[in-house]
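Work through the following exercises with the sequence and the coordinates side by side. Each one sets a task and then develops its solution step by step.

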Amino acid sequence: MLRIENLSVAVNGKQILRNINMHIAPGEVHVLFGPNGTGKSTLLGAIMGFDRYEILEGKIYFKGQDITEAPCHERARMGIGMMIQRPPTIRGLTLRQMIGICGASPEEVEKMANWMGLSDFLDRSVNEGFSGGELKRSELLQLMAQKPDLLLLDEPESGVDVENIALVGRAANYILHNDNTPCGGVNCDKGCCTFNCSANPLAAPQKSGLIITHLGHILKYVPASHAHILYQGTITCPGGDPLDILGCIGQSGYETCVNKGCRRIRK
Amino acid sequence: MSKEKLQAALSKQGAFGKDIDLSQYDNNDIAHVQSEADISEAGKALMEHVGIELNAENRSASFIQVDNTALEPKVKAQTPLELMNTGKAAEKYPELVEKYWWKAVAPDTDKYTAVTALEKENGYFIRVKAGEKITYPLQACIFISHEEQLQRVHNIVIVEDGAELNVITGCSSDPSVDKAIHLGISEFYIGKNAKLTYTMIHSWGENVAVRPRSATIIDAGGQFISNYVCMEKAKDVQMNPVTRLVGEGAVARMNSILVAPKGAHLDIGGIVSLEVPGCRAEIVARTICTGGEIVNRGTLIGKAEGIRAHLECNGLMLSDEGYISAIPQLDAYTGNAEMSHEAAVGRIAPEEIEYLMARGLDEEEATATIVRGFLNVNIEGLPDTLAKKITDTLDTFSYNKGM
């Protein structure tokens, strides 16, 4: 699905990432751990193709095609979808219109918004006055409509309260499984992780994902297969077990984990 | 007012805008056009462009003035409104002249009002009697067909207590006209609990100078919704209409949408004076510079306790040429007046474009979407066809085309 080769990226002329290599196969969900300011968002932004990320070296392939030079909207149309950490407000453009832009039919818009608990927000300007949790839900709602094959999530839990984390996790899982029918809604008590009550919540995703997370709460809802630590601009511990790595970071911190523990927990 | 005083005012410059030497124009009353049939096809197309329905099917009444000649007005059968040439109305209703003529706008305001007051009167007189609610909009088209024409218009609109009216005024000039001047004086009187929705669309030729002078007086519980749209390459438009809220609980809302392409100079404002308790007003302007010049003034005057008013002057620069000058002004004469303003002028934030691109729109589509959102001010009373036309015009904008 996604192959990154020897990628180096600069922002405002300053090099942030060096020699990144990564391969995400179809159906794999990878997690990216790392301290603040180490370049995690830069990596996601470079994959999405945002202008401010300057590729110094290396290649990005998506579905076998070299997209290193492709503009952002072409990547979106090819099937890359990104949850933006601090999305801007666009005044006068309603959330309803935005979900339509993402590809949902008017009926789907209603259904999906209801499921995300955002029905009352549909006719408000997109993101205007939204709380932290509402912003995340708005982003996931847009991605549900966009139906990407590669889902990029930039800190889906930040600013979200405990109750909403479950919703955010289920929504992300829904997108990864490409289920079609929403079930009972936000408060569905059948314990399912996805829209579709009959689906096995922990079945392997059909699509791929790359998730940035600090605390790992999202991993309770989204079954990730591989983890990487991005430390000082480059990847260490590539492809480790997500929960093992998370445990190691929690116990001894990034530095120790990267310097000493990596070999032990590497698969 | 004495003739001498008016004569003296002929040399009085306007408060804003470039001073115009009126002697360079042809101030005649020749009927270049005597019926709709005399209007060129291109001219008719322009009339439609400014919201005028030639078959007038969805209109309660229709008024057309070409140069300084008013064509015979048409009023749909059994529509309880009066529509006639202002000059004729003055002859018919001398008692109304006493009460309404030049009572909202002083005739010696400047040279443009003075010349209009001194000469034979044109323009429309509309009266809706107390309690009558007119369903379909009334349309008025003010058109210039003759080169170097000086056009004088004096409109009087009276919406009596409890009545309701929606007026669409489209102003344009024949494509064959290069240079001309339009002087349009409008006086609106809105009675107790009456409502007037007034939409004016300007689409003048490039070298037509435009000097409207309008004023509105609103009584208790009355509502005035004014929409102004100007999106063409008009070289010199200047107006600053005054609205006075003189009855308790009167409400005024003024929306304007101004787009200035290269070569346009638009100096557009609005003054709302809140003179009794409980009045509310909102001025919302959305301006877009695509290479031209915009001066956007807005003034709220709070004279009474417990009034509320808000002013928004928001501009979008879509070009490296031209400018937008947003000048919001709040004047408070009492401690208990709630008045606020918001003014912002800038470019489209690159993050907003990228956000939409990440959802699959290309740069051009993203820009157009943001601009449409920017102009989405929820204009009440705007005909659908016109709303669509505005959207279509905006869709043709883009960075890449250099606008």
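**Exercise 1. Decide whether D267(B) and R297(B) are buried or exposed, and describe how their side chains are related.**

Solution. The model is a predicted one, and the pair is best approached through its surroundings. Step one concerns cover: both D267(B) and R297(B) are buried, a class that requires under 20% relative accessible area. Step two concerns the contact, since the two side chains form a salt bridge with an N to O distance of 2.9 Å. Step three places the partners in the fold: D267(B) belongs to strand 16 (residues 265–268) of chain B and R297(B) to strand 19 (residues 293–302) of that chain, so that the bridge links parts 30 residues apart.

**Exercise 2. Locate the salt bridge between R244(B) and E275(B), and classify each partner by its accessibility.**

Solution. Begin with the geometry: the side chains of R244(B) and E275(B) meet at 2.9 Å, N to O. Next consider the sequence, where R244(B) sits in strand 14 (residues 242–245) of chain B, while E275(B) sits in the loop between strand 17 (271–274) and strand 18 (280–290) of chain B, so the bridge ties together parts that are 31 residues apart. Finally, take the accessibilities: R244(B), at 34%, is partly exposed, and E275(B) is also partly exposed, with a relative accessible area of 21%.

**Exercise 3. State how many salt bridges the whole structure contains, and trace the network to which D149(A) belongs.**

Solution. A search over all chains gives 27 salt bridges. One of them joins D149(A) to K63(A), with the closest N and O atoms 2.5 Å apart. This pair links distant parts of chain A, 86 residues apart: D149(A) is in the loop between helix 5 (132–146) and strand 9 (150–154), and K63(A) is in the loop between strand 4 (53–62) and strand 5 (65–66). As for cover, D149(A) has a relative accessible area of 21% and is partly exposed, and K63(A), at 42%, is likewise partly exposed. The last step adds K207(A), which is linked with K63(A) and D149(A) in a network of salt bridges.

**Exercise 4. Identify the acidic residues that gather with E147(B) on the surface, and then examine R152(B) in strand 7.**

Solution. The patch of negative charge consists of D26(B), E147(B), E148(B), D178(B) and E206(B). Within this group, E147(B) lies in the loop between strand 6 (138–144) and strand 7 (150–159) of chain B, and its relative accessible area of 33% makes it partly exposed. Moving on to strand 7 itself, one finds R152(B) there, and this residue is buried, with a relative accessibility of 1%. The side chain of R152(B) makes a polar contact of 2.6 Å with that of N27(B).

**Exercise 5. Determine how many residues of helix 1 of chain A are buried, and describe what follows the helix.**

Solution. Helix 1 of chain A covers residues 40–48, and 8 of its 9 residues are buried. The buried residues include K40(A), L43(A), I47(A) and M48(A). After the helix comes G49(A), which has a positive phi near 95 degrees.

**Exercise 6. Compare the settings of N12(A) and E155(A), each of which has a positive phi without being a glycine.**

Solution. Start with N12(A), whose phi is about 50 degrees and which lies in the loop between strand 1 (2–11) and strand 2 (14–24) of chain A. With a relative accessible area of 78%, N12(A) is exposed. Turn then to E155(A), whose phi is near 50 degrees and which is found in the loop between strand 9 and helix 6 (162–177) of chain A. E155(A) counts as buried, since its relative accessibility is 13%, a value that falls in the class under 20%.

**Exercise 7. Find where G216(A) lies, and give its distance in space from P242(A).**

Solution. G216(A) is placed in the loop between strand 10 (208–212) and strand 11 (226–231) of chain A, and it is buried at 7% relative accessible area. Although G216(A) and P242(A) are 26 residues apart in sequence, their C-alpha atoms are 8.8 Å apart in space.

Technical notes. Residues are numbered from 1 along each chain as its sequence is written. Chains are lettered from A and ligands numbered from 1 in the order in which they are written. This is a predicted model: local features need pLDDT of at least 70, side-chain atom pairs count only at pLDDT 80 or more; totals for chains, interfaces and linings use all residues. Side-chain values use heavy atoms; hydrogens and water are left out. Patches are made of residues with over 30% relative accessible area and no salt bridge: like charges are joined within 9 Å, nonpolar side chains (Val, Leu, Ile, Met, Phe, Trp, Tyr) within 5 Å. Accessible areas come from the Shrake-Rupley method with a 1.4 Å probe; for residues, only the protein chains shown count as cover. A salt bridge is a side-chain nitrogen of Lys or Arg within 4 Å of a carboxyl oxygen of Asp or Glu. Lys and Arg count as positive and Asp and Glu as negative; His and the chain ends are not counted. The place of a charge is taken as NZ of Lys, CZ of Arg, CG of Asp or CD of Glu. Helices (H or I, at least four residues) and strands (E, at least two) are DSSP runs, numbered from the N terminus. Buried means under 20% relative accessible area, exposed over 50%, partly exposed in between (1.4 Å probe, protein chains only). A polar contact is a pair of N or O atoms within 3.5 Å; within protein, one must be able to donate a hydrogen and the other to accept it, and residues adjacent in sequence count only if both atoms are side-chain atoms.
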